[in-house]
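This report describes the fold of one protein chain for a reader who is new to structural biology. Please keep the sequence and the three-dimensional view at hand while reading.

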Amino acid sequence: MVRLNGLTRYPSLEPDIQGRPWFRIGPRIRALTSEGGSGCGGRVAELCGEVSRSLRETGALLVKDPRCPAEDNDRFIDMMEKYFDSPSDFKLLHERPHLHYQEDAVIAISSTVNLTIKLVYPLVGVTPEGVEVPRSLVDEEMKEKLKAMPEKNRPSPPKGPDCKWRYMWRVGPRPLNTRFKELNAEPVIPEGFPEWKDTMDSWGYKMISAIEVVAEMAAIGFGLPKDAFTSLMKQGPHLLAPTGSDLRRYGQEGTVFAGYHYDLNFLTIHGRSRFPGLNIWLRNGQKVEVKVPVGCLLIQTGKEIEWLTGGDCIAGMHEVVVTSRTTDAIRQASEQNRSLWRVSSTLFAHIASDAVLKPLGHFAESPLANNYPALCAGEFVEKELAVINLKG
Ligand SMILES: [Fe+2]
């Protein structure tokens, strides 16, 4: 444990992201951050600098927020395991086909053959397995980059759409007037789950609170006003989007649950999953298996923070695959008669749809700023959805 005059950072109990510490964002750091980082003789600024450095260099950050206890994550995962374990016919009642975007996409198979596919983008409710398409499967530029990677850092090759279910639940207030109504669709509640709304909202709000502190600390660390990011997040289409992967059917090592991709939102946050399998790529291209300590939350950078920092902090690439650690966990769960659904408690925090995405403050002067022209966040999300099959 390293003490910075009353503020604490903790080395993890086990290796996590390149041996980096995780940060406890307790009441004291929250209070000092909300004062703008100038209090406590600049020591808050030092801690904020570490937060922004971790996001910049690894695309990820581990935090422990006492407002998001492990028991709450467990309650959420218990409910989602029960839901995903329901019969497919029941789960399919929660699809919302009329709340889809739909468009055709043309994929060049060769120089002479094009394949046209129908892309469908669910906005709320459930999405069955086999619908989300990893970007690495459709993005030609990304495919070329993958070929050039050294083998040890190369992502697991997806063979088709991701084999995971996803449930989408909007969290937080919606704007009354917006140009992007379709991004702000009403939530769907499955029958037989009286605790659904409370559990989803409570865990969702708690994780957003943790993201807000990290966003303030990161802003200070990047040399921006502390509310540079959080002011743009207000009334954003934040999405709690847990996934469910059936390890009884897809528990073989090498199976890809989420092919190599980046998230298009601002920051993504997850509680600890009961089954490991997340790999991330550091800025230097190194592939790292993430180990989230008990009670910690993992935060990852998305494309919107890349836009706002003019490419100083880039969207973190990641994948979820069945590894040998996953199969160990499967064996253990089977022995203990526990659920074999791998649930991720993912929340995508977004910039508000009507807010303008552009490099902020001194990032506007960066030589890379021209790569990030100003546009509404809602418009940006729609453009990204033309490449992948789903959001985030
Ligand atoms: Fe992702």
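The following text moves from the whole chain to its core, its strands, one helix and a few loop residues.

**The chain as a whole**

The model discussed here is predicted. Its protein chain contains 12 helices and 20 strands. Of the 392 residues in the chain, 45% count as buried. Among the contacts between residues at least 6 apart in sequence, 79% join residues at least 24 apart.

**The nonpolar core**

In soluble globular proteins, nonpolar side chains tend to be buried together. In this model, the largest nonpolar core comprises 91 residues, and V63, A210, V214 and I299 are those with the most contacts inside it. Helix 7 (residues 196-221) supplies the largest share of this core, namely 12 residues.

Which residues are in contact with V63, leaving aside its neighbours within four places in sequence? They are W22, F23, I25, A210, V214, C296, L297 and I299.

**Strand 12 and its two partners**

In a regular strand the side chains alternate between the two faces of the sheet. Strand 12 (residues 267-270) is covered on both faces. L267 and I269 are buried on one side, and T268 and H270 are buried on the other.

Strands of a sheet pair through backbone hydrogen bonds, either parallel or antiparallel. Strand 12 pairs with strand 15 (residues 297-301) in the antiparallel sense, over four bridges. In this pairing, L267 stands opposite T301 of strand 15. Strand 12 also runs antiparallel to strand 18 (residues 346-349), and four bridges join the two. Here the bridge partner of H270 is T346 in strand 18.

**An open sheet of four strands**

An open sheet is formed by four strands in the order 11-16-13-14, with antiparallel pairing. Strand 11 (256-261) and strand 14 (287-289) are the edge strands, each pairing on one side only. From one strand to the next, the twist averages 20°. Within this sheet, strand 13 (residues 278-281) and strand 16 (residues 318-321) pair in the antiparallel sense over three bridges. L278 stands opposite V320 of strand 16.

**Helix 11: two contrasting sides**

Helix 11 (residues 324-335) has 12 residues, and the distance between its end C-alpha atoms can be compared with an expected value. The expected span is 1.5 Å times one less than the number of residues. For helix 11 this gives 16 Å, and the end C-alpha atoms are 17 Å apart, which agrees.

Which residues of helix 11 are buried? They are T326, A329 and I330. These residues cover an arc of only 105° around the axis, and therefore lie on the same side of helix 11. The buried residues of helix 11 pack against helix 9 (247-250). On the other side of helix 11, S324, D328, R331, Q332 and E335 are exposed.

Helix 11 is followed by N337, whose phi is positive, near 60°.

**Residues in loops**

The degree of exposure is judged by counting other C-beta atoms within 10 Å: a residue is buried with 20 or more, exposed with 12 or fewer, and partly exposed in between. The table applies this count to four loop residues.

| Residue | C-beta neighbours within 10 Å | Class |
|---|---|---|
| K152 | 7 neighbours | exposed |
| Q235 | 18 neighbours | partly exposed |
| N337 | 7 neighbours | exposed |
| K358 | 15 neighbours | partly exposed |

K152 is located in the loop between helix 6 (140-147) and strand 8 (165-170). K152 and Q286 are 134 residues apart in sequence, while their C-alpha atoms are 8.5 Å apart in space.

Q235 belongs to the loop between helix 8 (230-233) and strand 9 (239-240). The phi of Q235 is near 60°, a positive value in a residue other than glycine. N337 likewise has a positive phi of about 60° although it is not a glycine. N337 is found in the loop between helix 11 and strand 17 (341-344).

K358 lies in the loop between strand 19 (356-357) and strand 20 (375-376). Not counting residues up to four places away in sequence, K358 touches Y372 and A374. K358 and P373 are 15 residues apart in sequence and 6.1 Å apart in space, C-alpha to C-alpha.

How values were computed:
Residues numbered from 1 in each chain as written. Predicted model: local features only at pLDDT ≥ 70, side-chain atom pairs only at ≥ 80, totals over all residues. Arc of directions from axis to C-beta. Contact = placed C-beta atoms within 7 Å. Core = buried A, V, L, I, M, F, W, Y, C linked by C-beta atoms within 7 Å. Pairing = 2+ DSSP bridges. Axes fitted to C-alpha atoms, helices over the stretch in contact; angles between N-to-C directions.
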